[in-house]
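Open the model in your viewer and keep the selection tool at hand. This tour goes stop by stop, telling you what to select and what you will find there.

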Amino acid sequence: MIALVALFSCTTEPQDSGSSSTIPTLDPPAAGEGFQLSMFATAPAGSEVWQCDVYNLPTDAVENVNSVEYLQNEGMHHMSLSTTVLAGSSIPNGSYDCNDLYTDQAFMEDAVIIFGNQGQAEGTLELPTGIAASLPPGIQIVHEMHYVNTTTEDIELYSYLNGWTIPDADVTGGIWGGSVRDENIAIPPASTHSEWSRCVMNEDVDVLFLASHTHAQGIEFNIAPFDGTTTGEVMYTNLDWRDPKIIQYDTPLSVPAGQGFEWTCTWENAGDTEVNYGFNSTDEMCNMAIVFTPGSTSAACEVIETSDGVLWE
């Protein structure tokens, strides 16, 4: 059973990535302590690159990932790892334009995000002692990088990820989670505009992480508890779309079935056209990321109400 880590920080405004011909390296874990994944691409001057590399996890046994270390270009719009293993489907290994993959409705429905990070060039994510994301051996991985190069020089792109593991005997629990999205976004031209969504858990969970994701026009992201009827005080606020914070609860936040969260996005659209939901850097998003234990793959925060009255499945 696969366990999922879906935490996001985001930036669509490229920073100085250093020399276009110099690619740093990240030392991999020693044998028996984990594994390393990597991918590379070139972003030509003045281009937007969204590349997906499809390959199999280089493991021959279940890997219990307790922490993740990553290294990528500064200013990466996003990097993510996903898999279609839960649906029992696969696509031929190789390198793809992600736009082509994501136009496939079956892929959109089947892909499950394992890990994602967008804003910071390097960092480490650690789970509590004994908690692990248990990855089956050799599962197919879709490793993607999305980068907007506004410079006049080509930039060599890189993404490294180390999965640090713990022995089976040390595992006391698993994790699950994902992004809960508002896919019906309509930001009028020349306006400051807000939209909210409410979701409730379908099972009892203990939340380990909360995070947020918007694009460049996002100016505020708030999360508040929702008991199924009433919205409480705001418990999470992010004002910097380039580097949205990840809240880790040292004492997990208990959320019983029937309760959940309200999240609100506020955008400032200075342009003269309406902005809608989409994957490109000029589109917008309003995603709340949540990671919890136990690792029940049927647990989810189900959207029950939105400010515009539109629900998505």
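Select Pro225 and Phe261. Phe261 is the bridge partner of Pro225 in β19. This is a predicted model, and the bridge is a good place to enter it. Now show the two strands around that bridge, β16 (218–226) and β19 (260–269). β16 and β19 run antiparallel and pair over 8 bridges.

**Across to β14**

Keep Phe261 selected and add Cys199. Phe261 in β19 is the bridge partner of Cys199 as well. Extend the selection to β14, residues 191–201. β14 and β19 are also antiparallel, with 10 bridges between them.

**The whole sheet**

Now colour the full set of strands. The order is β17-β16-β19-β14-β22, which makes an open sheet of 5 strands with antiparallel pairing. Look at the edges: β17 (236–238) and β22 each have a single partner strand, so one side of each has no neighbour in the sheet. From one strand to the next, the twist averages 20°. Strands in a sheet pair through backbone hydrogen bonds, either parallel or antiparallel.

Zoom in on β19. Is this strand buried or exposed? Of its 10 residues, 9 are buried, so β19 is largely enclosed by the rest of the structure.

**The edge at β22**

Move to β22, residues 301–306. β22 and β14 are antiparallel and joined by 5 bridges. Pick Arg198 and look across to β22: its bridge partner there is Glu305.

**A charged network**

Turn on side chains for Arg198, Glu262 and Glu305. Side chains of opposite charge can pair when their charged atoms come close. Start with Arg198 and Glu262, which form a salt bridge at 2.5 Å, N to O. Arg198 sits in strand β14 and Glu262 in strand β19, so this pair ties together parts that lie 64 residues apart in sequence. Check the burial of each. Arg198 counts as buried, at 16% relative accessibility. Glu262 is buried too, with a relative accessible area of 13%.

Now shift to Glu305. The side chains of Glu305 and Arg198 meet in a salt bridge at 3.1 Å, N to O. This pair links Glu305 in strand β22 with Arg198 in strand β14, 107 residues apart. Glu305 counts as partly exposed, at 34% relative accessibility. Which residues do the shared partners join? Arg198, Glu262 and Glu305 form one network, through salt bridges that share partners.

**A separate pair**

How many salt bridges does a search of the whole structure find? The search finds 3. Go to Arg181 and Glu183 for another of them: their closest N and O atoms are 3.0 Å apart. Arg181 is partly exposed, with a relative accessible area of 24%. Glu183 is partly exposed as well, at 31%.

**The nonpolar core**

Hide the charged side chains. Select Val207, Phe261, Trp263 and Met288. The largest nonpolar core has 29 residues, and these four touch the most other members. Phe261 brings you back to the residue that pairs with Pro225.

Which elements give two or more residues to this core? Colour them in turn: β12 (176–181), β14, β15 (205–213), β16, β18 (247–255), β19, β21 (287–293) and β22. β19 gives the most, with 4 residues.

Centre on Met288 and show its surroundings. Leaving out residues up to four places away in sequence, Met288 touches Gly178, Ser179, Val180, Cys199, Leu210, Ala211, Phe221, Ile223, Phe261 and Trp263. Two of the names are familiar from the bridge stops: Cys199 and Phe261 are partners between β14 and β19.

Now travel to another part of the model. Another core of 23 residues lies apart from the largest one; select Leu57, Val65, Leu125 and Leu135, which are among its members.

**Zoom out**

Finish with the whole chain in view. Its secondary structure comes to 2 helices and 22 strands. Of the 313 residues in the chain, 51% are buried. Take the contacts between residues at least 6 apart in sequence: 87% of them join residues at least 24 apart. Last, switch on the surface. The chain exposes about 13400 Å², and carbon and sulfur atoms supply 48% of that area.

Methods:
Residues numbered from 1 in each chain as written. Predicted model: local features only at pLDDT ≥ 70, side-chain atom pairs only at ≥ 80, totals over all residues. Heavy atoms only, no water. Core = buried A, V, L, I, M, F, W, Y, C linked by side-chain atoms within 4.5 Å. Buried < 20%, exposed > 50% of the residue type's maximum accessible area, 1.4 Å probe, protein only. Contact = heavy atoms within 4.5 Å. Salt bridge = Lys/Arg side-chain N within 4 Å of Asp/Glu carboxyl O. Areas by Shrake-Rupley, 256 points an atom, 1.4 Å probe, with all protein chains shown as cover. Pairing = 2+ DSSP bridges. Axes fitted to C-alpha atoms, helices over the stretch in contact; angles between N-to-C directions.
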